[in-house]
Amino acid sequence: MYIKRTAVIGSGTMGADIAYVIANAGIPVVIKDVSEDALEKAKAHIDDLFQTRVARGRMSPEDVQNRKDNMTFTTSNADLADVSLAIEAVSENMRVKRAVFRELDQALPPLAIIASNTSALSITELADATGRADRVAGFHFFFPAHMMKLIEVISGTSTSQETLDTLRRFAEEIRKIPVSVKECPGFVVNRVLMASMAEVLRFQHETQIPYQEIDQAITKAGLAPMGPFVLGDALGLDVALEVARTLTAAYGDRFQPGPQLEALVGEGHVGLKSGRGFYTYR
Amino acid sequence: MDEAQEQRLILRFSLATFLESVRLFEEDIASAEEIDIAMRAGAGLPKGPLRWADERGLDQVLQDLESLHASVGERFAPPASLRDRVARGQLGVKSGIGYLTYAQ
């Protein structure tokens, strides 16, 4: 299927970044949120991203205007009437997402695809909220979406091959790299990242070697662009702990992170955003 | 951290990364090629985990895992797909095939 017009549902940072990526590929995009305030913030965020490109000489002000002319900010479902792909990026909560999927199922044309940017929830459960389970899939961007090239295209039990093919093509059209993934807790990237992070946390607990020495050894050996403790702080230790618990429940003790993560989160030290996590900031 | 500890850290990190990637492959969640692409493009790893193992040599990786399995625990048990490949002489880059295939 050819994707002529798209929508991003939910205009938080992730939704705004996704809409920016789509607009930058010259594809019309409707940005829908229930809150006018959230839409204003998204507009300002997208303006910043464009301005950075102009300041670096990567885009002309005319180009920016052309891209912006392709973006529609709205709170109304009426603007979804001729959309052929909607990407949902609302908060990571099954009840909220299912309500959005039910609403989209009513508002979108019958053949439109509904994709979720979820990093953890079941695609099949989301698809069940609609009457078009064959046209529902995961379309998982990585943070920040305007820089990271990967998209995990995730199939639920009823997702059709045509839907997956369309989404892979669309990912390439917006200059991303698609990989096809069958639904499972953590999908590919987060599952592998958390497995290695849990192992390094256990190593640290056994040896009591300082976090910084461990991070340095891993980057010095060229194994990863940043060490697991820097990464955890950036991700948010509350988020990391939640993911570790979900994956431990799904796969077993190899995702058990050891006591440090739980202790830090318990003390309110959740990483970069709170000024302290494994490291202290400012 | 002394040299031996550092080597051990690097091995545990690399093998935990490799093992989870192999599980995804064995569960048919994604292809070997796409698992490597995902970890490079989505996590910034300089080398895909399956390619890493193929370059190290799957016979060597099997030895590494057997030793960690004995000293650290069950989570480092060598996966079936690794034993199979080593038994068939598919040792990675040096034999032209491992988890991925290589032009000779």
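**View 1. Helix α6 of chain A against the sheet.** In this predicted model, helix α6 of chain A lies across five strands of the same chain, namely β4 (85–88), β5, β6, β7 and β8, and runs at about 170° to β7(A). A second helix, α2 (residues 32–43), belongs to chain B and also packs on the sheet, where α2(B) touches β7 and β8 of chain A and makes an angle of about 125° with the direction of β8(A). As for the scores of the model as a whole, the ipTM is 0.97 and the pTM is 0.94. For chain B, the mean pLDDT is 97, and 100% of the residues of this chain reach 70 or more.

**View 2. The open sheet of chain A.** Eight strands of chain A form an open sheet with mixed pairing, and their order across the sheet is β3-β2-β1-β4-β5-β6-β7-β8. The strands β3 (71–74) and β8 of chain A stand at the edges, and because each has a single partner strand, one side of each is left without a neighbour in the sheet. If direction is ignored, neighbouring strands of this sheet are turned by 25° against each other on average.

**View 3. Strand β7 of chain A and its two partners.** Strand β7 of chain A covers residues 150–155, and six of its six residues are buried. In a regular strand, side chains alternate between the two faces of the sheet. In β7(A), the residues A:Leu150, A:Glu152 and A:Ile154 point one way, while A:Ile151, A:Val153 and A:Ser155 point the other way, and all are buried. One partner is strand β6 (residues 136–141) of chain A, which pairs with β7(A) in the antiparallel sense over four bridges, and here A:Phe139 stands opposite A:Val153. With strand β8 (residues 177–182) of chain A, β7(A) pairs in the parallel sense over six bridges, and in this pairing A:Glu152 stands opposite A:Val179. The chain passes from β7(A) through helix α6 (residues 161–173) of chain A to β8(A), and this β-α-β crossover is right-handed.

**View 4. Strand β4 of chain A, covered on both faces.** On one side of β4(A) are A:Leu85 and A:Ile87, on the other side are A:Ala86 and A:Glu88, and all of these residues are buried, so that both faces of the strand are covered. Strand β1 (residues 6–9) of chain A runs parallel to β4(A) and is joined to it by four bridges, with A:Ala7 standing opposite A:Ala86. The pairing of β4(A) with β5(A) is also parallel and extends over four bridges, with A:Glu88 standing opposite A:Ser116. Between these two strands the chain crosses from β4(A) through helix α4 (residues 94–107) of chain A to β5(A), in a β-α-β crossover that is right-handed.

**View 5. The step from β5 to β6 in chain A, with A:Arg132.** Strand β5 (residues 113–116) of chain A pairs with β6(A) in the parallel sense over three bridges, and the bridge partner of A:Ala115 in β6(A) is A:Ala137. The loop between α5 (123–127) and β6 of chain A contains A:Arg132. Is A:Arg132 buried or partly exposed? A:Arg132 has 19 other C-beta atoms within 10 Å, whereas a buried residue needs 20 or more, and therefore A:Arg132 counts as partly exposed. Although A:Arg132 and A:Leu111 are 21 residues apart along the chain, their C-alpha atoms are separated by 8.4 Å.

**View 6. A:Met148 and its contacts.** A:Met148 is found in the loop between β6 and β7 of chain A and is partly exposed, because 19 other C-beta atoms lie within 10 Å. Which residues does A:Met148 touch, not counting residues up to four places away in sequence? They are A:Phe141, A:Phe142 and A:Phe143 in chain A, together with B:Gly42 in chain B. A:Met148 and A:Ala198 are 50 residues apart along the chain, and the separation of their C-alpha atoms is 23 Å.

**View 7. Where chain B meets chain A.** In this view, 30 residues of chain B are in contact with 33 residues of chain A. On the side of chain B that touches chain A, the elements that give two or more residues are α1 (3–26) and α2 of chain B, and the largest share, twelve residues, comes from α1(B).

**View 8. The two domains of chain A.** The domain assignment of chain A gives domain 1 (6–182) and domain 2 (190–273). Taken over C-alpha atoms, the centres of these two domains of chain A are separated by 30 Å.

Key
Residues are numbered from 1 along each chain as its sequence is written. Chains are lettered from A and ligands numbered from 1 in the order in which they are written. This is a predicted model: local features need pLDDT of at least 70, side-chain atom pairs count only at pLDDT 80 or more; totals for chains, interfaces and linings use all residues. pLDDT is the predictor's confidence in each residue, from 0 to 100. A residue is buried if 20 or more other C-beta atoms lie within 10 Å of its own, exposed if 12 or fewer, and partly exposed in between; C-beta atoms are placed from the backbone. Two strands pair if DSSP finds at least two bridges between them. A crossover is right-handed if, with the strands pointing away from the viewer, the path from the first strand over the helix to the second runs clockwise. Axes are lines fitted to C-alpha atoms, for helices over the stretch in contact, and angles run from 0 to 180 degrees between N-to-C directions. Two residues are in contact if their C-beta atoms, placed from the backbone, lie within 7 Å. Domain bounds come from an automatic or database domain assignment.
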